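Here is a friendly walk through one protein chain. Please have a look at the sequence and the fold before reading on.

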Amino acid sequence: MAVPPGLPVVIVAGLHADARRAAVARLLADVPGSVVLHHDLATAAAGTVVRTIRDASGVLDAGEAPLVNDCACCALREDLVPELERLRDAGSTRLAVVELWDSVEPKAMAEVVTAGGLTVTGVITAVDPALVLPYLGNGDDLADAGLAAAATDQRTIADTFARQLEYAPVLAVADSPEADDEDRELLAQLHPTARLAPVGQGAPADRADDGLTVPTPRRRPLSPLAEAALAGFDVEAAAAAQHPACALLPAEADAHGVSTLVWHRRRPFHPERLYAALEDLTCAAARSRGRFWLADKPDTLFHWDAAGGALCVESVGPWLASLPDAAWEMVPPVRRAAAALDWHPEHGDRGQHLVFTSPGLDRDGLERLLESCLLTDAEYAAGPDAWQSLPHAFDTLLEV
C-alpha cells in the first residue's frame, strides 16, 4: 500500500501505555520518514503541557504549551493542529503519528485534526488483552490515578478505556504472555468489527532467490499495523457508530467463558422498577450499553453506558417517531436509515436495545431481571396517557 500524498495523520490512543508505546515504535520502524507528536499532560500541575516530536532515532524537537482555561486537554487541542501544519509545510514527514496521552480520547482529537483541514488516515487504540478486564472493572476516578485531563475531569478509568476501545476501528494488540483465550475473546466481543493488528508483527522481509534476507527497505511492504494506519478514516461515520440511536452494538456471542447478551424489546420500562434494579443491572456485566425507553417519558431516547460498576444514563434527544415529518429532514441520513431498519408499526423506533458483555455472564438471571422491569400486560394495556402518570423515578438522576 502506498502512503497517501500530503501529510497523513494517524492517531494512536490507549490507557495501556506500554502497548501504546510499542504500537508507536512499530509504526516508526515500518514507515520511513514518520515522526511522532506527543503531548505529555502529566506536567499540567506545573501549568504547561510538554510537547515532543521524535522519529526512530530520537527526539527532534521539544517545547511547551500553556494550559488553556486550566485545562491540559484544551492546551493539546490548541497546539496540535499548528504543529501538524508545521510538519506538513516542512515537507519531509511521510507520516505523522499523534500519540495521545493516557486518558485522552481519540474521538475528540480526530475531530480536531479533521476540522483543521488535515487528513486522518487511521485511528488506533493499543491494547494489552490481559488488561482489558481489569481496566473495564476499574471504577476509580482518573483524578485519583493522576490521569485527569482537566481539573473538572470526572471520568473513570473504566468508562474512558471503554470509549477508547470502542471508537477506534483498529486495535493494535500487544503480544501479552499473560493473556489467555478468555481475555482475547472478551476483546473480540467488545468490539467485533475492529480490525486487529498485532503490534509485534513487522513488515515482511524481501528475500533473494537463495532464501537469504536482503535489506531492501524501498521494496518492503508495510506491516499490518502500518497498513491499518493508512487505510483511511471517516470521522462522521465513526461518530455515528457511537451514537446510541444508530450505534453498531455487538451481536450475540458465547465462547471461551465470555458471553454477550443482546436484549431487544418493544415495550417500555416501568420507571420505578427499572430505577430500583439499576445497581444489579450495572454490576451484572463488565460492560453494558445501548438505548432504552421509559414509559413516563415516551418521546425521549435514553442512553445506557455502564463499565466499572458505574452507570451513566442520559437523554440524547427525541425518538424519531415523536418528531413531525418536517423535522426528519434535519436528522442525519444514517440515523434515518437505522430507524427504518428497526421500525415498529405502532411504536416507530422506540424500544429497548441493551447489550451486556462479560465473562461468567448470568444470561438467564439478567434476562429475568430486565423482563421484570418492563410494563406488565395490564400496565401496557392502560396506554400512553396512563404511562405518563407513573412515578418519575429518573428525574433526580437526570437532574430534570
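## Aromatic rings and a few neighbours

The count comes to 12 aromatic pairs, where rings of Phe, Tyr and Trp (its six-membered ring) pair if their centres lie within 6.5 Å, with planes under 30 degrees apart called stacked, over 60 edge-to-face and the rest tilted. One pair is tyrosine 135 with phenylalanine 161: their centres are 5.8 Å apart and their planes stand at 55 degrees, so this pair is tilted. It links distant parts of the chain, as tyrosine 135 belongs to helix H4 (residues 132–136) and phenylalanine 161 to helix H5 (residues 157–167), 26 residues apart. Ring pairs also join Trp263, Phe269, Tyr275, Phe292, Phe302, Trp304, Phe356 and Phe394 into a cluster.

This is a predicted model, in which local features need pLDDT of at least 70 and side-chain atom pairs pLDDT 80 or more, while totals for chains, interfaces and linings use all residues. Residues are numbered from 1 along each chain as its sequence is written, and side-chain values use heavy atoms, leaving out hydrogens and water.

How accessible are some of these residues? The table uses buried for under 20% relative accessible area, exposed for over 50% and partly exposed in between (1.4 Å probe, protein chains only).

| Residue | Relative accessible area | Class |
|---|---|---|
| Tyrosine 135 | 24% | partly exposed |
| Phenylalanine 161 | 1% | buried |
| Glutamate 105 | 17% | buried |

Glutamate 105 is found in the loop between S5 and H3. Beyond its neighbours within four places in sequence, glutamate 105 is in contact (heavy atoms within 4.5 Å) with Leu100, Arg155, Thr160, Arg163 and Gln164.

Key
Helix = DSSP H or I, 4+ residues; strand = E, 2+ residues; numbered from the N terminus.
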